[in-house]
Structure formats: C-alpha cells, structure tokens
Amino acid sequence: MAEEKQNYENTEECTHDCSTCGANCSSKQEPQDLRAQLDPEARVGKVYAIVSGKGGVGKSMVTSVLAAKCRQAGNEVGILDADITGPSIPKAFGCDLKPGVSAGNLMLPPLTNSGIQLMSTNLLLASATDPVVWRGPMIAGVVTQFWTDTLWNVDYMFVDMPPGTGDVPLTVFQSLPVDGIIVVTSPQELVGMIVEKAVRMADMMNIPVAGIIENMSGYKCPDCGAVHNIFGESHIDEVASKYGIKVLARIPIDPLTAKAMDEGLIEYAKLPDIDTGDLF
Ligand code: ADP
C-alpha cells in the first residue's frame, strides 16, 4: 500500500518552512517567483553582480574596470548601478547625460565614451550631489525599474551592488537573473568572514560565485612601480581555496587608478590586471 504523505498542519512538528518540507498540507505555499521581467524589446545576456562586505573597498572601481575590459573585448556592455544611495559609476566614466525615452516609453541608457550603457540614480537627479534619502523598499523598487523599464541591449551586464547583505541586495538577487557573483574584499577586512557571508548568501540564492578580487592589495609606488605590502601578508589564497573560489585579481592601491576614477577617465586608463577568461 502506498504510504500516505504526512500532514503536519497545526502540529508541533510543523517548521513553517514549506520550501524544504515534503508534507502535503492544504495550506502549503508554493515558492514565489520574484523575478522582474525585462521588457520584450530589451536584451541582456550574462549578468554579474559585484558585491562587497562594506563600502569603500573598491566595488565600483572593479565594476567599472570589468565593464571597460569587457567593452574593449568587443562586447555590448551595460552597468546597472544598484548602489542607489552611493552611486559612483557615472563619475568614474565622466558621464552626466540624462536617460532618453524610447518610442515604447522605456528609458534609453546614456552611453559612456566607449559605448557602455549606464543606468544610475545619479543620472536621474537634478544635481549629482543631491542626497538620495529613501527607505529600503523604494530603493529596491528603483533597482528593479532600472531592469524592467530600460531598453538594454547588452551581451554582458555588470551590477554594482549596494554593500553588505541587507534588504536591498536581497531584493536585487531575487529580482534579477544574476549568473555570477564577484566578491571584492580588501586586506584590512576580516576577509574570511566577508567571503563566508557572500558564499552563503550566494548558496541561498542559488547563484555561483564567479570569483573573488582582493583590492587595495598593497601599494604600487608610482615612482619605482614596486608593490609594497603595507597591510602585511594577504590571506586571500587560503580563504579562496577553503571555499573553492577562484581569485581573479589582486589589485594594488595605485594613485593612477584613483586619479582616473576621480577624473572620469577610467575607460582611458591603464586598467589593473583581472583574470576575465571565464567571465567573458
Ligand atoms: P566602493 O564601491 O566599494 O564603495 P569605490 O570603488 O568607490 O568603493 O572606491 C573607493 C575609493 O577608493 C574611490 O575613490 C576609488 O577611486 C578608490 N580606489 C578603489 N580602488 C583603488 C585602487 N586599487 N587604487 C587606488 N584607488 C582606489
């Protein structure tokens, strides 16, 4: 006789987590698909999300450099700046153009000098120095609209995520079809903890970690070109091998990179080395 499926409804055994439970209760909730849909006219190939444990470690720099390299390799490239309250992507590319409007009423992303498609709150504000003082759901809503209401036409999209693992990153991961996460860390951080958090979040979201980048990994002297390990030994290799993640780069602090970001000339700069072989 076939065994009847257990019914845990209103019993002490009920964990209230229907996603991992095989019981057949009448109140069983199907997992919701929270994916935001692209407009049928838009096209986006692979999506990479660039994440960090906290602000200021170089997430936007890495996003800009990856996009510039991807463009230089001959691809159509977009950057979705999901760091809504601290957007720095337009400045890195010296872009202050406003989005246009398509015949189908979608936003047309402004283009950088080399033709990278950009969407960022800074491009929508009257002044780039206006603060964005919004609550989480509103911020997450804007990110989703950048996905659904923009006429993207790209082979690769790089999403500059808000730092941390809070409400907004969570919504972004649930709404956007991210193919891979790239984790940016700096040697001053508790790298093991940051990476473990990112790996576990990626696991929960069913998204692979495409690689890890250690930024500010020593100081590159502009006079002699030598890299000095001012923060001591790097532990990135041990941490990466513990979690089976590929180290894509160790990028030193380079005053020329900072200058290029500051002057909006990142596309024209000598870009730091990153192993992009498996990305694009
Ligand atoms: P995040 O996006 O993580 O907040 P940013 O990419 O905005 O960080 O970087 C913070 C600041 O540090 C920026 O002024 C940026 O130009 C600078 N910066 C980042 N990485 C480097 C680097 N490797 N060398 C020099 N300056 C850097």
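**Exercise 1. Getting a feel for the chain**

Which share of the contacts in the chain with a separation of 6 or more comes from residues 24 or more positions apart? Work it out, then describe the chain as a whole.

*Solution.* Before we start: this is a predicted model, where local features need pLDDT of at least 70 and side-chain atom pairs count only at pLDDT 80 or more, while totals for chains, interfaces and linings use all residues. Residues are numbered from 1 along each chain as its sequence is written, and side-chain values use heavy atoms, with hydrogens and water left out.

Step 1. Take contact to mean heavy atoms within 4.5 Å. Pairs 24 or more positions apart then make up 76% of the contacts with a separation of 6 or more.

Step 2. Count the elements. You'll find seven helices and 10 strands; these are DSSP runs numbered from the N terminus, with helices being H or I of at least four residues and strands E of at least two.

Step 3. Check burial. Buried means under 20% relative accessible area, exposed over 50%, and partly exposed in between (1.4 Å probe, protein chains only). Out of 280 residues, 45% are buried.

Step 4. Look at the extent: the C-alpha trace spans about 80 × 55 × 35 Å along its principal axes.

**Exercise 2. A strand and its partners**

Why is strand E6 described as largely enclosed by the rest of the structure? Find the strands it pairs with too.

*Solution.* Step 1. Go to residues 153–160, which form E6. Six of those eight residues are buried, so the strand is largely enclosed.

Step 2. Look for partners, remembering that two strands pair if DSSP finds at least two bridges between them. Strand E1 (residues 43–52) runs parallel to E6, joined by seven bridges. In this pairing, Ala49 sits opposite Val159 of E6.

Step 3. Now try strand E2 (residues 77–81): five bridges link it to E6, again in parallel. Here Asp81 faces Asp160 in E6.

**Exercise 3. Two helices**

Which residues of helix H4 are buried, and what does Val191 touch?

*Solution.* Step 1. Within H4 (residues 167–175), the buried ones are Val168, Pro169, Val172, Phe173 and Ser175. They pack against E1, helix H3 (136–148), strand E7 (180–185) and helix H5 (191–205).

Step 2. Move on to Val191, which belongs to H5. Its relative accessible area is 10%, so Val191 counts as buried.

Step 3. Skip its neighbours within four places in sequence, and Val191 is in contact with Thr185, Ser186, Ile236 and Val239.

**Exercise 4. Exploring the pockets**

What lines the largest pocket, and which element gives the most to the lining of the second largest pocket?

*Solution.* Step 1. Get the term straight. On a 1 Å grid over the protein atoms alone, a pocket is an open set of points where a 1.4 Å probe fits, with protein on both sides within 12 Å along at least five of seven lines; lining residues have an atom within 4 Å of a point.

Step 2. The largest pocket is lined by 18 residues, with Lys220, Asp254, Thr257, Lys270 and Pro272 nearest its centre. Strand E10 (247–253) and helix H7 (255–262) each supply at least two lining residues.

Step 3. For the second largest pocket, 17 residues form the lining, and Met61, Met216, Thr257, Ala258 and Met261 are closest to its centre. H7 gives the most to this lining, with five residues.
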